[in-house]
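Student: Could you take me through one part of this model up close, the place where the two chains meet, and then show me what lies behind it in the partner chain? I'd like one connected story rather than a list.

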Amino acid sequence: MTTVQGTGTAALSVDGPILVAEHVTMRFGGLTAVDSVSFRVMPGEIVGLIGPNGAGKTTFFNCLTGLYLPTSGRVVFNGQVLPPKPRKVVQAGMARTFQNIRLFSNMTALENVMVGRYCRTSAGPFTSIIRGPKFRREERETRERAQQLLDFVGLGHTTDSLARNLPYGDQRRLEIARALATDPKLVLLDEPTAGMNPQETRQAEELIFKIRDQGLAVVVIEHDMRFIFNLCDRVLCLVQGKALIEGTPAEVQSDPRVIEAYIGTGPDDAAALESELEEGQPDA
Amino acid sequence: MINIRRLVTPELQQRYNRQGRILGLVGGVLLIIAPFLPWAYSSDALDNMTVLGYPSPLQFFGLALGVIISAFLVLQQALTQRQKKRVRVGWVPGAKAAATGALIYIALILLSIAAELGGLVNIVYGGWIALVGALLAFIGTRLIPAGRTPTLAAATAPAPLEILAIAVMMAAALFAAAFALNHDDAGSFVTFIAFVGAVVAVMIRSGVMGWLSAVSQRYRKVLIFSAFVVAFMFPFTQGGSDANMSIATQVMIFAATAMGLNIVVGLAGLLDLGYIAFLGAGAFVAAILSRSAFSTVGFHPPFIVVVLISGTVAATLGLIIGSPTLRVSGDYLAIVTLAFGEIFRISMNNLDGTDGPLLTRGSNGIPAIPDLVLFGFNFAQRHELLGIPLGRFSNYYFLLLLVLGLIILVFTRLNNSRIGRGWVAIREDEKAAEAMGVNVFGLKLFAFAGGAFLAGVAGSVKAHQDISVTPDQYVFLESAFLLAAIVLGGMGTVLGVLVGATLLKLMPEKLRFVNEYRLLIFGLLLVLMMRFRPEGLIPNQRRQLEFHEEDEELAERISEEIAETGTVKGAT
Ligand SMILES: Nc1ncnc2c1ncn2[C@@H]1O[C@H](COP(=O)(O)OP(=O)(O)O)[C@@H](O)[C@H]1O
Ligand SMILES: [Mg+2]
């Protein structure tokens, strides 16, 4: 995987980091779910976010995307401080998927992706009612782009299927297509392979590489260690809301504190982690 | 129904198939013969059913059902012998529906005769023969196995034929509307509705309805055009009489308002319990700006300007109510709009010059609003077209048809656009929609204020048509009826809401007992709907799925249909 690490950075136009999070803290009453986490993502980078259950990974995503207003700290995206509004965040170029899939289940696959185009299109009430050539062109382009994205994630055949009728793995990929439809510079994927079989996981891995090759930065939360270590340029490990260690997959993998953190959450997790670490070894 | 299904087992049907066929045929033939015999002793009940050898219209409908039963049974026998065709017509299910319908229809007629003439003794032998025929047909058809489900919907015919089918369907609708409105007595009206219901059931069961709806999808433009032609022609069937046209204009206003509310409720998914206040706001603005002697201001612009002002005032009210409330969760909107409806009524009552500034003349309202004059066309006058006189209400009817058409246009076009997709996304998962860049608050506010604008426009026409505007016309109950029309017909659909609005407005006008107990009847109706068909009479497929989250089979079927037609049915 080292070869991919070396050649992957396709977007060279921006020099500085695309995302900078400074001391982001999120408290729920007495619970500090995210504790002064600082973090940066360079363009064209794939960054992994790991940590035991309840470590605050999803909460951190929510802080980044404006779903939560952090108790303190700030998030700078593409050189500007993000307003805590999901819509504005998407507009600025950061899109996400959800850990528990949140598709528009009674819309078709194509319609789901077309909704993703909302923030990049402009047809207002009057244009929509009068339907001039501009409206029809925009509508056609939206449709074509959505179909392209379905093809891109390998769902080209599901265009008219209702999202709820898709198999689980396809639903995860559809969420990625929907996120890509917003023309993001950075995508945040929250456990994109949860519930997938090994073959689907490999497909997801390829898909994430493909996304990066389009010049996008990717931050991905995962439990599958092998997946993370194959995929990522850099890994951040969160434990109990705190950034435990950040470094290359190899560094994080060999750090005893990471293993300890997983052991602390229960024997099952730790055993799984250790076996996964071993499996990941030859690939890394 | 359930009992009958349990009673008549498939084994029983297998055994008595032949007997059932014969019974059904005998019943059908009796139903054909009976209309030529007298049914009643006096012609005072329903239409004239005393004549031998000459069926009255209502008897003729019984005959039609008899023909359907017999023909379907014979055709099924004749055609299934040569079982080669891919297209299957549901002959037996159709015959079953016709027989059930006939039984209800004949029973209703006999009951009406008995009720109106005072006792069963007033029924003559012809009526009893018809009842026996219907009973035999009912029992007989129940004994025949239903066979496989019809596949008629997938059939295609040459284009002219399909367009002709749409035309025939529309002509039938026009005839039905004219017939229903021209029969003033409750008995005729109810029995006719029963007949229409029976025919619709036959069409659904035999697969004809599926085919017609597929054809309508193929020729949407033809369908819409012919629907408007039919609606346009309706006043010409009234021979200059204003009695029914007055009801028809009321239906039109109600339908137009319901269609505006349908944008708010059906598309954006916002529960607005005070919508009638926006209609009232438009009506009061139009009344105050009219040349009525009781108008309270000195400014009387032309009606075109008044329409825009009415709409704008209503939309502004919508913005004022909506902008703080739509930011928080949906339940608050229901409470706030409910309160707004009351505040509106009370305000209009108090703007009478003593409790507040003189604007609406309080509970007396503003009477004597003059009729419209548009481009030199005086709405008060009778006009003659093609030798058929058209009265005052016909004039308003045409104007309202235009307004309704515009609202439907706005509804469908918004629905099929970026904005419409945004609304669906919001209904499906508001958080996810926001996270995908949909302007949730903006779209909600637009639906709410836009809906208010359309109500204001409708209200400005209503003011002139009603001649006077008073606060008590715009109470909560009216909002509730509008919502009921939408729920009954099918949220988010055009056809469903038109049907729902027509039924809810027409029934109390035509049936005194419905009018007296209308709250009770509508309440019961809604409870029954919620239990058996929460998605409405003519559902939007997406809504149907929302109401049946667990029904995977339904989702699968609809998915296939979407793949075939490329659209979500009812969404357009
Ligand atoms: N909205 C919330 N209110 C209160 N507690 C929350 C909320 N969201 C997350 N938490 C808590 O924050 C902690 C971190 O959760 P989460 O970010 O979902 O963990 P992870 O995604 O790493 O498994 C958990 O203890 C969780 O219960
Ligand atoms: Mg999580």
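Tutor: Sure, let's start at the interface. Chain B and chain A bury about 3,500 Å² between them, and 57% of that area is on carbon and sulfur atoms. Three residues, R418(B), R421(B) and M436(B), supply 26% of the area that chain B buries against chain A, more than any other three residues. Keep in mind that this is a predicted model. In terms of contacts, 37 residues of chain B touch 39 residues of chain A.

What about charged pairs across the boundary? There are two salt bridges between chain B and chain A. One that you can look up joins the side chains of E139(A) and R421(B), with 2.8 Å from N to O. So R421(B) turns up twice, as a member of the trio that supplies 26% of chain B's buried area and as a salt-bridge partner of E139(A). In general, side chains of opposite charge can pair when their charged atoms come close. Polar contacts add to the picture: ten residue pairs across the two chains are in polar contact.

Now, which elements of chain B make up its side of the interface? Those giving two or more residues are α14 (392–415), α15 (418–428), α16 (430–435), α17 (440–466), α22 (541–547) and α23 (552–565) of chain B. The largest share, seven residues, comes from α15(B). By residue type, chain B's side divides into 17 nonpolar, seven polar and 13 charged.

Let's move over to chain A and its sheets. One is an open sheet of four strands in the order β2-β1-β4-β5, with antiparallel pairing. The edges are β2 (31–41) and β5 (80–81) of chain A; each has a single partner strand, so one side of each is left without a neighbour in the sheet. Begin with β1(A) and β2(A): they run antiparallel and are joined by seven bridges. If you want a pair to anchor your view, A21(A) has F39(A) in β2(A) as its bridge partner. These two strands form a hairpin with two residues between them, and in the turn G29(A) has a positive phi of about 60°.

Stay on β1(A) for a moment, as H23(A) is found in that strand. Phi of H23(A) is near 45°, a positive value in a residue other than glycine. Most residues other than glycine have a negative phi, so that one deserves a second look on your screen. E22(A) also belongs to strand β1 of chain A, and its salt-bridge partner R74(A) is in strand β4 of chain A, 52 residues apart. Their side chains meet at 3.0 Å, N to O. Across the whole structure, a search finds 19 salt bridges over all chains.

At the other end of this sheet, β4 (residues 72–77) and β5(A) pair in the antiparallel sense over two bridges, and F77(A) stands opposite Q80(A) in β5(A). Helix α2 (residues 57–64) of chain A lies across β1 (19–28), β2 and β4, running at about 115° to β1(A).

The other sheet in chain A is open too, with six strands in the order β6-β7-β8-β3-β9-β10 and mixed pairing. Here β6 (94–96) and β10 (242–247) of chain A stand at the edges, each with a single partner strand, so one side of each has no neighbour in the sheet. On average, neighbouring strands are turned by 20° against each other, direction ignored.

Both senses of pairing are easy to find. Strands β7 (residues 186–190) and β8 (residues 217–221) of chain A run parallel and are joined by five bridges, with L186(A) opposite A217(A) in β8(A). Helix α7 (residues 168–180) of chain A packs on this sheet, touching β6 and β7, and its direction makes about 155° with that of β7(A). Helix α8 (residues 198–213) of chain A lies across β3 (46–50), β7 and β8, at about 135° to β3(A).

For the antiparallel case, go to β9 (residues 234–239) of chain A, which five bridges join to β10(A). The bridge partner of L238(A) in β10(A) is A243(A). β9(A) and β10(A) form a hairpin with two residues between them, and Q240(A) in the turn has a positive phi of about 50°.

Key:
Residues numbered from 1 in each chain as written. Chains lettered and ligands numbered in written order. Predicted model: local features only at pLDDT ≥ 70, side-chain atom pairs only at ≥ 80, totals over all residues. Heavy atoms only, no water. Contact = heavy atoms within 4.5 Å. Buried area = accessible area lost by both parts, 1.4 Å probe. Salt bridge = Lys/Arg side-chain N within 4 Å of Asp/Glu carboxyl O. Polar contact = N/O pair within 3.5 Å; in protein donor to acceptor, adjacent residues only side chain to side chain. Nonpolar A, V, L, I, M, F, W, Y, C, P; charged D, E, K, R; others polar. Pairing = 2+ DSSP bridges. Axes fitted to C-alpha atoms, helices over the stretch in contact; angles between N-to-C directions.
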